[in-house]
Amino acid sequence: MPSADPLEVPDDGPSPSEILRTGELVVVGRIPSASNVTLVCDAVLGDRELRCVYKPVRGEVPLWDFPDGTLAGREVASYLISQALGWDVIPETVLRDGPVGPGMLQRWISTPDNTERSHSSTTVSATDPFIGASELPATRVDLVDLCPPDAMPTGFRAVLEALDGLGEPVLLVHADDPRLQRIAVLDVILNNADRKGGHVLEALDGGVYGIDHGICLHTDDKLRTVLWGWAGEPVPAHLVSDLRALEQQLADGSTDLRTALAEHITADELDALSLRITILAASAAMPEPPPHRPIPWPPF
Ligand SMILES: Nc1ncnc2c1ncn2[C@@H]1O[C@H](COP(=O)(O)OP(=O)(O)O)[C@@H](O)[C@H]1O
Ligand SMILES: [Mg+2]
């Protein structure tokens, strides 16, 4: 699939945001593994185009435990929260009309996996005992990965020990990486019920982005994540100060952010969001999970 790189848009053309919001959508393909209808599109405006992901509301599988609003709306609300924190960890996401009706449109993130001539994102030395232990190419360890329990790569944190399909013990691990840690903190306040390994993208631009935030922001505690490696540990001070700023922004009942979020989540969910931010900022520590460490299944 050719990538429509926003960095190639010259200054005098429409911005990537404009293209995302107003471009005509040309469907390029459908992602077959997705649980809802997820289409890859090019948004075309004049002679510019921008690759994006389009999830029409009509293609959403109804979920009994998320009866309010839409998954698309929750994705947009999550993006607005990431932006309000100044973290920029969710690709720009908007709610708009498309060829299959209203839905969410999100900028595409180019990664080694979805770009031709892919290269390793994180490499380990050729003598690392982990090499060859997974089905991945021999020199590659993803930010979230599996390894034998006695062969955790350096710079990684353990999440959970389990048995693989053949009954062999495996360890779920993730990188001890500040870009990933920020996503883990965001997940706590989003109350993300679906942070799988495949929902973390290490981009060609060097950033790490979170995707698929359709089942976030519930009032009940639903945090299910593969990023438990920092459980109980301090949240870095600069992230806590960002949380405090967001807490202030939401405390004022008339801010644009509150108004924008209220279009996508209920008043109770907005209150629960504020409470989670207050608790996390006050404790400045990542929550301890229940003993079974809830993770989404499958974890990738
Ligand atoms: N913004 C994006 N950039 C690049 N790839 C994406 C993006 N959004 C989704 N994908 C790809 O599409 C797959 C399915 O998308 P996802 O958001 O998980 O859909 P679903 O809600 O159906 O689970 C992802 O695992 C990822 O490979
Ligand atoms: Mg998904």
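Here are some short exercises on this predicted model, each with a worked solution.

**Exercise 1. Find out where ligand 1 sits relative to the two domains, and what kind of residues surround it.**

Let's start with the neighbours. The shell around ligand 1 holds 17 residues, and the closest are Ala34, Asn36, Val53, Ile109 and Asp212.

Next, sort the shell by character. You get eight nonpolar residues, eight polar ones and one charged.

Now bring in the domains. Domain 1 covers 6-107 and domain 2 covers 178-283, and since both give residues to the shell, ligand 1 lies between them.

**Exercise 2. Work out the strand order of the five-stranded sheet, then place helix α2 on it.**

Step one is the order. Walking across this open sheet, you meet β1-β2-β3-β5-β4, and the pairing is antiparallel.

Step two is the edges. β1 (24-30) and β4 (93-96) each pair on one side only, which makes them the edge strands.

Step three is the twist. On average, and ignoring direction, neighbouring strands here are turned by 35° against each other.

Step four adds the helix. α2, made of residues 71-84, packs on the sheet and touches β3 (48-56), β4 and β5. Compare directions and you'll find about 140° between α2 and β4.

Step five zooms in on one edge. β4 and β5 (residues 103-107) run antiparallel and are joined by four bridges. Want a pair to look for? Try Leu95, which stands opposite Met104 in β5.

**Exercise 3. Take apart the three-stranded sheet: which strands are at the edges, and which residues face each other across the bridges?**

Begin with the order again. This open sheet reads β6-β8-β7, with antiparallel pairing. The edge strands are β6 and β7, each pairing on one side only. Neighbouring strands are turned by 30° against each other on average, direction ignored.

Then take the β6 side. Four bridges tie β6 (residues 144-147) to β8 (residues 169-175). Across them, Val144 stands opposite His174, and Asp145 stands opposite Val173.

Now the β7 side. Here seven bridges join β7 (residues 156-163) to β8. Ala158 has Val173 as its bridge partner, while Ala162 has Val170. Val173, then, turns up on both sides: opposite Asp145 and as partner of Ala158.

Last, look at the turn. The hairpin of β7 and β8 has five residues between its strands, and Gly167 takes a positive phi near 85° there.

**Exercise 4. Describe how helices α4 and α6 meet.**

First, the geometry. α4 is residues 237-251 and α6 is residues 267-283; their axes come within 9 Å and cross at roughly 145°. The crossing is left-handed.

Second, the residues in the contact. From α4 come Val240, Leu243, Arg244, Leu246, Glu247 and Leu250. From α6 come Ser274, Ile277, Thr278, Leu280 and Ala281.

Third, their character. The contact divides into seven nonpolar residues, two polar and two charged.

**Exercise 5. Track down two spots with notable backbone angles, one at Asn191 and one at Pro298.**

Go to Asn191 first. Its phi is near 60°, a positive value in a residue other than glycine. Where is that on the chain? Asn191 belongs to the loop between α3 (178-190) and β9 (200-202).

Then move on to Pro298. The peptide bond leading from Trp297 to Pro298 is cis, and its omega is near -5°. To place Pro298, follow the chain past α6: the proline lies in the segment after that helix.

Conventions:
Residues numbered from 1 in each chain as written. Chains lettered and ligands numbered in written order. Predicted model: local features only at pLDDT ≥ 70, side-chain atom pairs only at ≥ 80, totals over all residues. Near = placed C-beta within 6 Å. Nonpolar A, V, L, I, M, F, W, Y, C, P; charged D, E, K, R; others polar. Domains from an automatic or database assignment. Pairing = 2+ DSSP bridges. Helix = DSSP H or I, 4+ residues; strand = E, 2+ residues; numbered from the N terminus. Axes fitted to C-alpha atoms, helices over the stretch in contact; angles between N-to-C directions. Contact = placed C-beta atoms within 7 Å. Left-handed = near helix turned anticlockwise from the far one by under 90°.
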